[in-house]
Amino acid sequence: MENTEIKNHQVKVNLPGGIVSVGDLSVILETLEKSGVENVRFGTRQQLYFSATSDQLEDIEHGFLISDTDFETDADRHPNIVSSYVAEDLFNSSNWLREGVYKDILDTFSYTPGLKINLIDDSQNLIPFFSGNLNFISSDIGSYWHLYIRFPKTNIIYYWSSLVYSEDIAVLSEAIENTILTQRSLYFDQPEIEGRQLETTVSAGGSFLFQEASSPLRLPDFQLPYYEGFNKYNEKYWLGIYRRNELFPVAFLKELCKVCNKTRIGQIHTTPWKSIIIKGVEPADRKLWNAILDKNRMNVRHASNELNWQTEDLCEEGLRLKHELVAGFNAADLRTFKLCFAIKINPKSGLFGSVIIKKQTQEDHNDARFDLLHTIDFNPNSKHYHTYIKGISKADLLPQLTRLCEAYYQQQTLAAGEQAEHYYETDSPIKPELSYVHQCKHCLSIYDEAWGEESLNIPAGTPFSRLPQDYHCPLCESARTEFTPIIKESLNTF
């Protein structure tokens, strides 16, 4: 009997910097509509995805070839370049990082990166800081950037010792990528010195304009901005559109492009939260935009506790779990302000969050177990994780997450009380005592005595010196002797 099963292919189109011109998007959508593709998605790296059958793919490839649209089928060898350009004028207050700077940098990329590259404004919270391999973060010196390197397939972070000039970002990125690829075995055999070796090798092989940093990077306090609906700025409006099922109908996006053309809006922006944002809506045109939303039954103004989630691209299991947990949060009227959650079904995915819900790898899918982790101080832009609990069932996720949220707000309340107590004190001759945590040298996990290690039955308040001799890292199982004391306050500078 002939096998009539239809194979679906996943196609990805990169939108560098999360920016796509209305004209280019219209051409893509026209090709998809002609081939019978009804919906597209946007990914956590601001890219565009869609599913196509083999027959549809043949027509799409032909259309993309004519329109010179780059794409990948069932692959992600070349990740999209992420930027915080979408946040400019809306969610940040940078002194020098503007539209022209982003676009000038993107235009200098004459190669297609194989590493994940992020171009991030240090004053915003919409775009994650460290989700790339090469994380360029704006400094307080105009046209110069901090560079944090997260080595591929590791959680090893290296801070480049000098600031990088805007015009050197593309060339430097290519040199770093080529060096990592040609000397990969050397670097992974010696993880503690690979960053210094890499910087020495790359700097010696090119002519780059570096600058000494005048101050270290300071992560802003995290508060995810509400990124949906109509919002006013600079006497105009911006419109954010989020889809609960992540699917954007091609027909709707085509109409949206027509309205953009009619109202002289030249580009559309994508976000890592799988939504789109349109800037520059004139007050007089709001009725026109509302008519399009009404016609296509587009809901806006979802609850904030539904918007503060990261799920993996093209992962229905993670999306279903998110919906279940959000429903539980709503039923419990759970406060999640200033928190964001990530669901990792694939352990190698590069999601970020204050709280990580990580599925354990196992054969029996009917008895899935999960680990809960959170970042130190619950800032999702940190890469320093604390394991809250390991190996819990799916049914236990909601009660454990409720406990964790309660612990976070207790921590916030205590901190606010301490600040209020000293509010009127103006003279502080005695410096506050620094607190220490212990960090695993291999995976960067943190042991913080304030939290203990619930997954290993170690209660909160247990000093590192009193841990049992057989204590091991709950993430990579390294011995207790592989932990190094570091100042807890220094984690805020990464």
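## Exercises: strand β4 and helix α1

β3 and β4 form a hairpin, with five residues between the two strands. In its turn, Q46 has a positive phi of about 65°. The model is predicted.

**Exercise 1.** In which sense do β3 and β4 pair, and over how many bridges? Find the bridge partner of R41 in β4.

*Solution.* Start with the ranges. Strand β3 covers residues 39-42. Strand β4 covers residues 48-53. The two strands pair in the antiparallel sense, over two bridges. Now take R41. Its bridge partner in β4 is Y49.

**Exercise 2.** Work out how β1 pairs with β4. Which residue of β4 stands opposite H9? How many residues of β4 are buried?

*Solution.* Strand β1 spans residues 8-13. β1 and β4 pair in the antiparallel sense over six bridges. H9 stands opposite A52 of β4. Next, apply the burial cut-off: buried means under 20% relative accessible area. Five of the six residues of β4 are buried, and the strand is mostly covered.

**Exercise 3.** Classify the packing of α1 against α2 as roughly parallel or roughly antiparallel. Give the handedness of the crossing, then list the contact residues.

*Solution.* Helix α2 covers residues 54-67. α1 and α2 pack at an angle of about 155°, and their axes are 9 Å apart. Angles over 145 degrees count as roughly antiparallel. The two helices are therefore roughly antiparallel to each other. α1 passes α2 in a right-handed crossing. From α1, the contact uses V27, I28, T31, L32 and S35. From α2, it uses Q56, D59, I60, G63, F64 and S67. Sort the contact of α1 with α2 by class: five nonpolar, five polar and one charged residues.

**Exercise 4.** Repeat the analysis for α1 and α7. What is the angle, and which residues meet?

*Solution.* Helix α1 runs over residues 22-35, and helix α7 over residues 250-262. They pack at an angle of about 150°, with axes 10 Å apart. That angle makes α1 roughly antiparallel to α7. The crossing of α1 past α7 is left-handed. On the α1 side, the contact residues are V22, L25, S26, L29, E30 and E33. On the α7 side, they are V250, L253, K254, C257, C260 and N261. By class, the contact of α1 with α7 holds seven nonpolar, two polar and three charged residues.

Methods
Residues numbered from 1 in each chain as written. Predicted model: local features only at pLDDT ≥ 70, side-chain atom pairs only at ≥ 80, totals over all residues. Heavy atoms only, no water. Axes fitted to C-alpha atoms, helices over the stretch in contact; angles between N-to-C directions. Helix = DSSP H or I, 4+ residues; strand = E, 2+ residues; numbered from the N terminus. Parallel < 35°, antiparallel > 145°, perpendicular 65-115°, else oblique. Left-handed = near helix turned anticlockwise from the far one by under 90°. Contact = heavy atoms within 4.5 Å. Nonpolar A, V, L, I, M, F, W, Y, C, P; charged D, E, K, R; others polar. Buried < 20%, exposed > 50% of the residue type's maximum accessible area, 1.4 Å probe, protein only. Pairing = 2+ DSSP bridges.
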